[in-house]
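Q: Please take a close look at a single part of this structure. I should like a connected account of how its side chains and strands are arranged.

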Amino acid sequence: MRERERERERERCWIVSSLVLVRARDHIMFIMRGHSQEVCGLKWSVSGQQLASGGNDNLLHVWDVASTSEHLYRLRDHQAAVKALAWCPFQANVLASGGGSADRCIKLWNTQKGTCLHSLDTQSQVATCSHRLTVRLCI
């Protein structure tokens, strides 16, 4: 029973390795090369036009769906694995990323320019992050 459930989940979900994204079993949708170690964070933008990937190599990549062979930006500001990713639901070009225990920062990025808008030291590793729909900040 559990094996059957896992098989169904694999068919429905994106399966991620450091080099390949798969949407359906035995069907490769994209091959994206960029991380040198495992991908440990992955999040589509609200519009579905960009994909953010965080890795154990401390890198954050922003990919454009229109050009899956090259990343738009390779952001190197984190000092540990990038696991936590969240797109702003009301500003399409703003992405939050969180770093592991050696980094302890949440960073806000402008994904149109590839620049860091703000960095906050949380004093602890960041495992997840999200945006609140009730609070809007002007950035």
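A: Arg 104 counts as partly exposed in this predicted model, because its relative accessibility of 30% falls between the limits of 20% for buried and 50% for exposed. Its side chain meets that of Asp 121 in a salt bridge, with a distance of 3.3 Å from N to O. Arg 104 belongs to the loop between β9 (94-99) and β10 (105-110), while Asp 121 lies in strand β11 (residues 115-121), so the pair ties together parts that are 17 residues apart in sequence. Asp 121, too, is partly exposed, and its relative accessible area is 36%. With nitrogen and oxygen required to be within 4 Å, the count of salt bridges comes to one.

The strands beside this pair deserve attention as well. β10 and β11 are paired in the antiparallel sense, over six bridges. Within this pairing, Leu 120 of β11 has Ile 106 opposite it. The two strands, β10 and β11, form a hairpin, and four residues stand between them. In the turn, Gly 114 has a positive phi of about 75°.

For contrast, one may consider His 61, a residue of strand β6 (residues 60-64). Its relative accessible area is 0%, and His 61 is therefore buried, as the limit for that term is under 20%. If its neighbours within four places in sequence are left aside, the contacts of His 61 include Gly 34, His 35, Leu 51, His 71 and Tyr 73.

Definitions and conventions:
Residues numbered from 1 in each chain as written. Predicted model: local features only at pLDDT ≥ 70, side-chain atom pairs only at ≥ 80, totals over all residues. Heavy atoms only, no water. Buried < 20%, exposed > 50% of the residue type's maximum accessible area, 1.4 Å probe, protein only. Pairing = 2+ DSSP bridges. Contact = heavy atoms within 4.5 Å.
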